[in-house]
Amino acid sequence: MTDFVPQVAYLRLCAPTDAAQADVAYPLPLTREVRLGRDPDCQIVVDSAAYSGVSRFHACIEATPDRVGWQLRDLESTNGTYLNGRLLHQAERLRAGDRLSLGQRGPQFVFELRPVQSADDASIPDARLIPTVSSDLQAEADVPDPPEDAGFADEGITVSQLFPILSTGTDLLQRAYLVPGIITVSFVVLLFIAVGNPPVFNVTLATYLAIAAYYVVYQLCGKPKPLWWLLGAALMMVVLLLSPVLNLFIYVFQDLLPGDIPARFSGNLLVLLGQMFIGAGLMEELLKAIPVLVACAVGLALRSPWRERLGVWEPLDGILLGTASAVGFTLLETLGQYVPSVIQNVNMQGGIGLGEVSGLQILIARVLGSIAGHIAYSGYLGYFIGLSMLKPDHRWRTLGTGYLTASVLHALWNVCGILNLSALAIVGSVSYAFLMAAILKARKLSPTRRENFATQLRRRG
């Protein structure tokens with residue numbers, strides 16, 4: 001059995017822009033993480049003038065969970081971290097000879113190991129790593145952690161330790177969900193203000209729940225899209241529902257076609273399913289797809305870079321815009337139709353004062369459940385609209401498959417709402433699964449996947 005040989009680890013800078021930095025090596029301790037980036041607080045600071053594509057806090061090297069090796073982790077950088085030519089999605093263990101790059105065109109380093117030859121090789125005098133030439137590598141390196149009873153020197157308390165908010169920098173914005181937290185607090189304050197005013201309270205709560213549901217989809221899609229453009233898709237849907245366009249759709253799908261939705265179940269399941277498929281599925285999914293189709297036309301008419309930012313060129317674009325349109329549809333349908341109807345019915349039955357409570361209950365159920373309802377159907381159809389733009393040779397077959405599938409899911413949800421509420425859980429779960437599957441596939445198909453943050457949740461390991 002061979003004894004464990006302590007090793008010194010360090011990064012060697014490759015192809016430096018400055019000849020004076022030739023053969024520069026940075027020792028790597030096991031006792032703390034080493035961050036690489038343009039920010040002066042990083043332990044390995046990259047020249048911002050030479051490498052503008054490197055993020056302020058780009059990547060870090062830290063001890064592996066077993067504390068006997070080192071691993072590389074990307075810090076949600078803009079241009080990504082590459083290990084041996086592969087884009088890094090989660091922390092990976094480093095081995096001697098591994099080559100890492102901060103962005104495709106950023107500085108490159110080689111990870112190297114060397115056995116510790118003396119007890120003097122164990123100290124690093126400061127948190128900022130000191131670059132040394134190869135002959136002095138061991139003098140600045142670190143060794144595996146000492147035994148637990150060896151004790152540690154008291155390095156004192158720093159200002160950043162006493163006031164962490166002073167030193168978190170961009171991590172607070174990028175990794176701590178600061179913006180969602182501020183939005184939540186703001187809506188809580190608005191809800192307190194609206195107490196005693198049911199209409200304002202309902203609108204505020206519904207808006208927050210819709211934003212929360214959409215935020216999940218946006219994070220999972222992981223492709224940046226102008227928020228004002230997504231809001232525009234939701235508002236366009238609201239305008240369409242308040243315009244004569246809705247009456248035209250109702251005339252075509254419910255008057256000319258056999259899609260008249262019955263108030264009660266007549267006893268024929270196939271007839272009910274057909275009516276829901278035409279009058280709810282086909283009609284409403286086509287209506288909600290209009291903002292996505294408009295975005296397709298806008299993208300074709302614009303020039304770069306706005307055509308890429310606003311247009312629909314891939315499935316992720318279609319999902320983001322389709323789900324945004326569904327948010328507008330859900331809010332107006334819930335606040336303008338379902339909530340007033342429930343309040344009126346309960347009040348007419350003698351439940352004065354209970355109508356507002358019942359209206360609030362239906363509001364929460366409908367808006368919060370929209371991620372398995374309208375958002376799911378429209379996002380799924382949006383995937384196919386984007387796929388048809390990405391692969392135009394199969395456009396009509398692609399669009400037909402998506403349109404019919406989304407309409408069937410929609411019809412099944414409506415039928416279960418009339419016949420068996422318990423079955424809604426099954427249909428809703430299936431619809432949600434369809435949307436999530438479409439998002440995962442869209443992330444793989446995305447031509448811009450290297451610039452997206454679709455794998456952000458997996459980077460946190």
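This report describes selected features of a predicted model, taking in turn its internal space, its surface, its charged pairs and its backbone.

## The enclosed cavity

Rolling a probe the size of a water molecule over the atoms shows where empty space is left. In this predicted model, such a search gives one cavity of 30 Å³ or more, and the space in the largest cavity comes to about 30 Å³.

The residues that line the largest cavity are Glu285, Lys288, Ala289, Val292, Gly322, Ser378, Leu381, Gly382 and Ile385. Two helices, α7 (269-301) and α11 (374-390), each contribute at least two residues to this lining. When the lining residues are sorted by class, four are nonpolar, three are polar and two are charged.

## A nonpolar patch on the surface

On the surface, a nonpolar patch is formed by Ile157, Val159, Leu162, Phe163, Ile165 and Leu166, which together have about 700 Å² of accessible area. One of these residues, isoleucine 157, sits in the loop between β11 (108-115) and α1 (159-162). Isoleucine 157 has a relative accessible area of 62%, and because exposed means over 50%, this residue is classed as exposed.

## Salt bridges

Side chains of opposite charge can pair when their charged atoms come close. Across the whole structure, a search finds 13 salt bridges, and three of the pairs are described here.

In one of them, arginine 12 pairs with glutamate 112, and their closest N and O atoms are 3.1 Å apart. This pair links distant parts of the chain, since arginine 12 belongs to strand β1 (residues 7-14) and glutamate 112 to strand β11, 100 residues apart. Arginine 12 has a relative accessible area of 15% and is therefore buried, as the cut-off for buried is under 20%.

## A charged network and another pair

Another salt bridge joins arginine 93 to aspartate 66, with the closest N and O atoms 3.2 Å apart. Arginine 93 is in strand β9 (residues 92-93), while aspartate 66 is in the loop between β5 (59-63) and β6 (70-74), so this salt bridge ties together parts of the chain that are 27 residues apart in sequence. Both partners are partly exposed, arginine 93 with a relative accessible area of 36% and aspartate 66 with one of 43%. Elsewhere, Glu33, Arg35, Glu62 and Arg73 are joined into one network by salt bridges that share partners.

Within that network, glutamate 33 forms a salt bridge with arginine 35, and the closest N and O atoms of this pair are 4.0 Å apart. The two partners fall into separate accessibility classes: glutamate 33, at 32% relative accessibility, counts as partly exposed, whereas arginine 35, at 17%, counts as buried.

## Notable points along the backbone

The peptide bond that runs from serine 304 to proline 305 is cis, and its omega angle is near 5°. Proline 305 itself is placed in the loop between α7 and α8 (306-310).

Two residues other than glycine are described here for their positive phi values. Glutamate 76 has a phi near 55° and is found in the loop between β6 and β7 (81-83), where its relative accessible area of 14% makes it buried. Asparagine 84, which is not a glycine either, has a positive phi of about 55° and lies in the loop between β7 and β8 (86-87). At 41% relative accessibility, asparagine 84 counts as partly exposed.

## Residues compared in sequence and in space

How far apart are glycine 281 and leucine 404 in sequence and in space? Along the sequence they are separated by 123 residues, but in space their C-alpha atoms are 8.4 Å apart. Glycine 281 is part of helix α7, and with a relative accessibility of 0% it counts as buried.

A second pair consists of valine 346 and valine 357, which are 11 residues apart along the chain and have C-alpha atoms separated by 9.6 Å. Valine 346 is located in helix α9 (residues 315-348), and its relative accessible area of 19% places it among buried residues, because the cut-off for that class is under 20%.

How values were computed:
Residues are numbered from 1 along each chain as its sequence is written. This is a predicted model: local features need pLDDT of at least 70, side-chain atom pairs count only at pLDDT 80 or more; totals for chains, interfaces and linings use all residues. Side-chain values use heavy atoms; hydrogens and water are left out. On a 1 Å grid over the protein atoms alone, a cavity is a set of points where a 1.4 Å probe fits but cannot get out, and a pocket is an open set with protein on both sides within 12 Å along at least five of seven lines; lining residues have an atom within 4 Å of a point. Grid points are joined across faces, edges and corners, and a volume is the space filled by probe spheres set on the points. Helices (H or I, at least four residues) and strands (E, at least two) are DSSP runs, numbered from the N terminus. Ala, Val, Leu, Ile, Met, Phe, Trp, Tyr, Cys and Pro count as nonpolar, Asp, Glu, Lys and Arg as charged, and the others, Gly among them, as polar. Patches are made of residues with over 30% relative accessible area and no salt bridge: like charges are joined within 9 Å, nonpolar side chains (Val, Leu, Ile, Met, Phe, Trp, Tyr) within 5 Å. Accessible areas come from the Shrake-Rupley method with a 1.4 Å probe; for residues, only the protein chains shown count as cover. A salt bridge is a side-chain nitrogen of Lys or Arg within 4 Å of a carboxyl oxygen of Asp or Glu. Buried means under 20% relative accessible area, exposed over 50%, partly exposed in between (1.4 Å probe, protein chains only).
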